[in-house]
Amino acid sequence: MTVMLRLERVSKSFVMHLQDGKVLPVVSGVGLEVAAGECVVLGGPSGAGKSSILKMIYGNYRCDAGRILVRDRDETVDVASAAPRRIVRLRQTTLGYVSQFLRAIPRVSALDLVVAAARDQGVPAGEAEIRARGLLAQLNVPERLWSLPPATFSGGEQQRVNIARGFVGDHSVLLLDEPTASLDARNRAAVVDLIADKKRRGVALIGIFHDEDVRDRVADRIVDVTAFAVATAA
Ligand SMILES: Nc1ncnc2c1ncn2[C@@H]1O[C@H](COP(=O)(O)OP(=O)(O)OP(=O)(O)O)[C@@H](O)[C@H]1O
């Protein structure tokens, strides 16, 4: 078993600068591991800290304590202490993040957005286009839309273009932040298939899924984040 991601004693509080620097502790002592080919789902009620944990792993939120170890080919990177430039490189080679929101670029077509995500990871142009077309088709994005910029697409269509962007490359650790939120049953099933495919290829996945059916189909393990919740006097 190759561990691709390990969190050790990770803690996070938010400092509310607009409220006299009041400190809002969120999680403490988070420890978990994700192996290659495994999908771990973060569980627990709203506000438990699931998204904050994903954002710390991706390096968007700084953690107060602990280590976030990501295997990057022959090296191990501690996201908690790595320099920003190292985190940017880690995201190019190894660490991907898929949310439900697409950041559309004006005048760039849906197909080109997906191709660009693969090219950023060094996938050759021809191969990138084949993968992008395959994913847009698998995610039921109508072909007449592929040459159009997604700014005018429906929410679900934009979400599926974003999922195609997230899955088109060769990241070996993928963070999934509710990628199936507001998709219909057919497209939720398509995403479940994509996750199964990544698992077969040895990708380590960790994610948040509010849909119980999807969660049960993708999860090898569910880690309940309330175990790491910080008791506050409120
Ligand atoms: N940038 C931030 N600044 C201040 N507080 C924040 C910030 N991000 C999250 N929080 C707070 O941290 C707590 C955990 O939020 P988080 O989004 O991680 O929970 P969650 O388990 O993902 O919830 P949900 O299931 O509703 O998305 C919440 O109380 C939230 O208000």
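Core, ligand shell and two loop residues

The largest nonpolar core has 63 residues, and those with the most contacts inside it are Ile57, Val114, Ala132, Leu136 and Ala164. Helix H3, residues 110–120, contributes the largest share of this core, with seven residues. These and the following values come from a predicted model.

Ala132 shows how parts of the chain meet in the core. Leaving aside residues up to four places away in sequence, Ala132 touches Leu111, Val114, Val115, Ala118, Ala164 and Val168. Two of these partners, Val114 and Ala164, are themselves named among the core residues with the most contacts. Ala132 lies in the range of helix H4 (125–138), and helix H5 covers 155–167.

The protein as a whole has seven helices and nine strands. Its radius of gyration is 18 Å, close to the 17 Å that the globule rule gives for 234 residues, so the protein is as compact as a globular protein of that length. The C-alpha trace spans about 55 × 40 × 35 Å along the principal axes. Of the 234 residues, 39% count as buried. Among contacts with a separation of 6 or more, 72% are between residues 24 or more positions apart.

The next feature is the ligand. Its surroundings consist of Phe14, Leu24, Val26, Gly44, Ser46, Gly47, Ala48, Gly49, Lys50, Ser51 and Ser52. By class, this shell holds four nonpolar residues, six polar ones and one charged one. Strand S2 (22–35) and helix H1 (50–58) each supply at least two residues of the shell. H1 gives the most, with three residues.

Two residues stand out for their backbone angles. Asp20 is not a glycine, yet has a positive phi of about 55°. Asp20 sits in the loop between strand S1 (3–16) and S2. The latter strand is one of the elements that supply the ligand shell. Is Asp20 buried or exposed? Asp20 is exposed, because only 6 other C-beta atoms lie within 10 Å, and a residue with 12 or fewer is counted as exposed.

Asn140 likewise has a positive phi, of about 60°, although it is not a glycine. Asn140 is placed in the loop between helix H4 (125–138) and helix H5 (155–167). With 14 C-beta neighbours inside 10 Å, Asn140 counts as partly exposed, because that class lies between the limit of 12 or fewer for exposed residues and that of 20 or more for buried ones.

Note on methods:
Residues are numbered from 1 along each chain as its sequence is written. This is a predicted model: local features need pLDDT of at least 70, side-chain atom pairs count only at pLDDT 80 or more; totals for chains, interfaces and linings use all residues. A residue is near a molecule or strand if its C-beta atom, placed from the backbone, lies within 6 Å of it. Helices (H or I, at least four residues) and strands (E, at least two) are DSSP runs, numbered from the N terminus. Ala, Val, Leu, Ile, Met, Phe, Trp, Tyr, Cys and Pro count as nonpolar, Asp, Glu, Lys and Arg as charged, and the others, Gly among them, as polar. A nonpolar core is a set of buried Ala, Val, Leu, Ile, Met, Phe, Trp, Tyr and Cys residues joined through C-beta atoms within 7 Å. Two residues are in contact if their C-beta atoms, placed from the backbone, lie within 7 Å. The radius of gyration is taken over C-alpha atoms; the globule rule is 2.2 Å times the number of residues to the power 0.38.
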